[in-house]
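Here are my notes on the structure you sent round. Have it open in your viewer while you read.

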Amino acid sequence: MNAPATGQLPVVVIGAGPVGLAAAAHLVERGLEPLVLEAGPSAGTAVRGWAHVRLFSPWAEVIAPAAEKLLAPAGWVRPDSAAYPTGGDWAERYLQPLADVLGGKVRYGATVTGVARAGRDRVVDADRDEQPFTVHIELADGREERISARAVIDASGTWSMPGPMGADGLPALGEKAAASRVSYRVPDLRDPAVRARYAGKRTAVVGSGASAFTALAHLADLAEEEPGTHAAWVLRRGIGANTFGGGEADQLPARGALGLRAKAAVEAGHASAVTGFRTQAVERDGDRLVLVAEDGRRLDPVDEVIVLTGFRADLSFLSEVRLGLDERLQAPTALAPLIDPNVHSCGTVPPHGVNELAHPEQDMYLVGMKSYGRAPTFLALTGYEQVRSIVAALAGDREAAERVELTLPETGVCGGAGRYDDPEAAQVAEGGGCCGAPATVQIGVGMPNAASGGC
């Protein structure tokens with residue numbers, strides 16, 4: 001039997017999260033066949049990993065328009081647009097219903113272990129672009145399969161690859177040995193076992209982003225009820241005007257409020273900030289841990305450590321496709337300067353689509369959080385716009401693909417990793433207007449989207 005023509009093959013989407021399912025919805029809308037491969041047992045497996053955390057953005061800003069078109073005929077009831085969902089809400093009330101509507105186009109328990117051109121490793125040029133992709137998967141029962149695809153959209157995210165404690169980007173000396181006392185997730189203090197782990201204890205929280213703010217706020221609430229609970233907030237940078245985010249000026253009010261809660265935790269004495277501390281080693285002090293900085297400083301002993309230093313893309317299963325990635329961010333080469341956290345915050349990232357997301361490997365795309373590599377500035381609607389543009393290109397509608405329109409909120413956070421040694425410089429940079437008023441940037445023709453937020 002002859003193999004099907006490449007154009008008759010499905011577009012494989014890796015990951016049944018928000019952006020992967022949005023890609024599938026756009027593919028259906030365009031008359032293309034999606035096959036979504038999800039490693040977990042349900043839609044939004046990674047999102048469910050932070051089910052207890054509330055999003056910055058209301059429902060209106062985390063639902064993809066193409067997805068809503070699929071859901072509406074199935075009787076789906078849109079949640080209150082002004083309400084703020086938790087990760088659990090997002091998964092149960094939107095992602096799973098969307099996956100259910102897609103039906104057999106979504107396969108669970110299918111872990112992608114490799115992507116390549118059929119019969120071509122990354123070295124071979126001959127007829128490369130004419131060959132379909134072959135996607136290697138491992139099923140939950142250990143069986144292996146190979147799936148042919150006309151294109152691959154990798155929306156697998158970064159949840160499985162949290163950043164380490166070490167300031168040089170590698171695990172600190174002793175970090176792995178201390179694994180039983182180290183967590184890389186915001187704790188769910190509603191769980192009695194998790195609550196007992198931190199109640200009445202001294203916990204180091206390493207990180208300076210929204211996840212760290214969330215952990216500090218939760219631990220401060222616990223401290224109000226459980227005496228002796230305290231957080232040592234470990235920052236690699238100093239404290240400047242932007243340390244706690246945009247506050248009341250943030251156009252995502254929930255995000256601004258989160259930063260203010262973290263600030264209140266410090267001011268109330270439930271958390272103490274340790275600045276300019278770049279962790280090099282983790283040592284044992286009896287049953288407790290001592291963090292040691294590169295400059296020799298030693299943190300007072302702690303019972304637990306929560307490391308929230310961002311996430312990274314897993315590129316291991318893409319070793320046989322030709323990716324064009326920036327050497328610093330590990331984001332697509334054309335996208336990297338547009339999202340560089342040393343320059344941009346979420347609200348100053350320019351609109352982008354298929355042109356910025358293209359790789360030397362034709363019809364291979366990284367989207368969503370994974371497309372941002374190590375940049376933490378991703379917003380949900382940015383990912384929805386990415387896949388709208390990519391699918392339009394796959395459908396042959398180049399005009400729509402290049403008509404990228406997006407309005408993003410001002411974040412109030414502009415200082416990036418490159419400024420952490422000099423908080424005063426970061427403060428001056430913010431005063432210079434790095435986060436300008438939000439503006440709609442249009443490429444081509446069409447009406448702008450509504451103001452967007454993210455997760």
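The points below go from the whole chain to the cores and then to one sheet.

1. First, a caveat: this is a predicted model. The protein chain comes out with 12 helices and 17 strands, and 52% of its 455 residues count as buried.

2. On the surface side, the protein chain exposes about 19000 Å². Carbon and sulfur atoms supply 51% of that area.

3. How are the contacts spread along the sequence? Taking the contacts with a separation of 6 or more, 71% of them are between residues 24 or more positions apart.

4. Now the inside. The largest nonpolar core has 82 residues, and Leu21, Trp90, Tyr94 and Ile153 are the ones with the most contacts inside it. Which helix gives the most to this core? That's helix H10, residues 380-394, with nine residues. Another core lies apart from the largest one; it has 20 residues, including Val12, Leu35, Ala149 and Leu323.

5. Have a look at the sheet of five strands, too. It is open, the pairing is parallel, and the order reads E8-E14-E9-E10-E11. Why do E8 and E11 each have one side without a neighbour in the sheet? Strand E8 (182-183) and strand E11 (271-274) stand at the edges and each has a single partner strand, so one side is left free of a neighbour in the sheet.

6. Zooming in on one pair: strand E10 (residues 230-234) runs parallel to E11, and four bridges join them. If you want a residue pair to centre your view on, Trp233 stands opposite Ala273 in E11.

Methods. Residues numbered from 1 in each chain as written. Predicted model: local features only at pLDDT ≥ 70, side-chain atom pairs only at ≥ 80, totals over all residues. Heavy atoms only, no water. Helix = DSSP H or I, 4+ residues; strand = E, 2+ residues; numbered from the N terminus. Buried < 20%, exposed > 50% of the residue type's maximum accessible area, 1.4 Å probe, protein only. Contact = heavy atoms within 4.5 Å. Areas by Shrake-Rupley, 256 points an atom, 1.4 Å probe, with all protein chains shown as cover. Core = buried A, V, L, I, M, F, W, Y, C linked by side-chain atoms within 4.5 Å. Pairing = 2+ DSSP bridges.
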